[in-house]
Amino acid sequence: MKNKDYEEKSFRPIVGIDLGTTNSAVAYIRSGKPQIIPSPKGEKIIPSVVLIDVVVGKDALDALVAMPNRTIAAIKRKMGSNDPITIAEKELLPHEVSALILKELKNYVDDLYGEGEKEAVITVPAYFTDAQRRATKQAGELAGFVVERIINKPTAAALAYGLDNLKK
């Protein structure tokens with residue numbers, strides 16, 4: 001028989017992340033079903049937009065028109081590039097901007113499970129190159145995740161379909 005205290009201390013949750021061009025979300029499996037982890041405001045997805053002074057999501061999206069020189073959107077399209085992006089007089093690489101979005105999602109996971117290491121599987125488009133996949137993994141690690149896998153979105157869709165259609 002295993003010690004329950006040991007099991008609780010050694011438990012490291014794993015989550016699935018859709019780091020999207022337009023919106024992002026994080027989910028986990030609960031009672032055999034995937035559940036999206038909402039933001040503290042109850043939002044199930046957040047805009048993949050960053051306002052420097054580090055605001056992510058809806059508030060950053062609202063600032064996109066008013067403060068375009070301090071806001072970045074659609075960063076995923078630049079993943080894998082080493083060209084710095086100047087935003088609010090700061091230079092950031094695309095994976096560093098993506099890390100800010102992922103860090104926001106990690107905060108939601110931390111609210112659910114508490115502080116500490118979390119494992120993640122992050123989805124990417126099937127057409128992503130190795131450089132883009134490495135940049136995505138690096139962004140996840142900068143955000144504080146232990147990135148277990150980077151998987152194609154079509155693969156994630158097939159796995160999700162399989163979860164709902166397993167014969168019991």
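**Exercise 1. Contact range.** Look at contacts in the chain between residues at least 6 apart in sequence, and work out what percentage join residues at least 24 apart.

*Solution.* Start with the pool: only pairs at least 6 apart in sequence get in. Next, keep those that join residues at least 24 apart, and you end up with 58% of the contacts. Bear in mind that you're working on a predicted model.

**Exercise 2. Overall dimensions.** Find out how the chain's radius of gyration fits the rule for a compact globule.

*Solution.* Take the chain length, 168 residues, which puts a compact globule near 15 Å. Then take the value for this chain, 17 Å, and the two agree. For the extents, line up the principal axes: the C-alpha atoms fill a box of roughly 60 × 35 × 25 Å.

**Exercise 3. Surface and charge.** Describe what the chain shows to the outside, and how its charges are placed.

*Solution.* The accessible surface adds up to about 10100 Å², and carbon and sulfur atoms own 53% of it. On the burial side, 37% of the 168 residues count as buried. Now the charges: average the positions of the 24 positive ones, do likewise for the 22 negative ones, and the two means sit 7 Å apart.

**Exercise 4. Strand pairing around E2.** Among the chain's 5 helices and 11 strands, trace the pairings of strand E2 (residues 23-30) with E1, E3 and E4.

*Solution.* Go partner by partner.

1. Strand E1 (residues 14-19) runs antiparallel to E2, with 4 bridges between them. Leu19 has Ser24 in E2 as its bridge partner, and the hairpin leaves 3 residues between the strands.
2. Strand E3 (residues 33-36) is also joined to E2 by 4 bridges and runs antiparallel to it. Arg30 pairs with Lys33 in E3. This hairpin has 2 residues between its strands, and Ser31 in the turn shows a positive phi of about 55 degrees.
3. Strand E4 (residues 46-47) is antiparallel to E2 and held by 2 bridges. Here Asn23 faces Pro47.

**Exercise 5. The setting of Gly140.** Decide whether Gly140 is buried or exposed, and list what it touches.

*Solution.* First place the residue: Gly140 belongs to helix H4 (residues 130-142). Its relative accessibility is 0%, so Gly140 counts as buried, given a cut-off of under 20%. Skipping residues up to four places away in sequence, Gly140 touches Leu102, Ile122, Phe145 and Val147. One distance to finish: Ile150 lies 10 residues from Gly140 along the chain, with 9.9 Å between their C-alpha atoms.

Methods
Residues numbered from 1 in each chain as written. Predicted model: local features only at pLDDT ≥ 70, side-chain atom pairs only at ≥ 80, totals over all residues. Heavy atoms only, no water. Rg over C-alpha atoms; globule rule 2.2 N^0.38 Å. Buried < 20%, exposed > 50% of the residue type's maximum accessible area, 1.4 Å probe, protein only. Contact = heavy atoms within 4.5 Å. Areas by Shrake-Rupley, 256 points an atom, 1.4 Å probe, with all protein chains shown as cover. Lys, Arg positive; Asp, Glu negative; His and termini not counted. Charge placed at Lys NZ, Arg CZ, Asp CG, Glu CD. Pairing = 2+ DSSP bridges.
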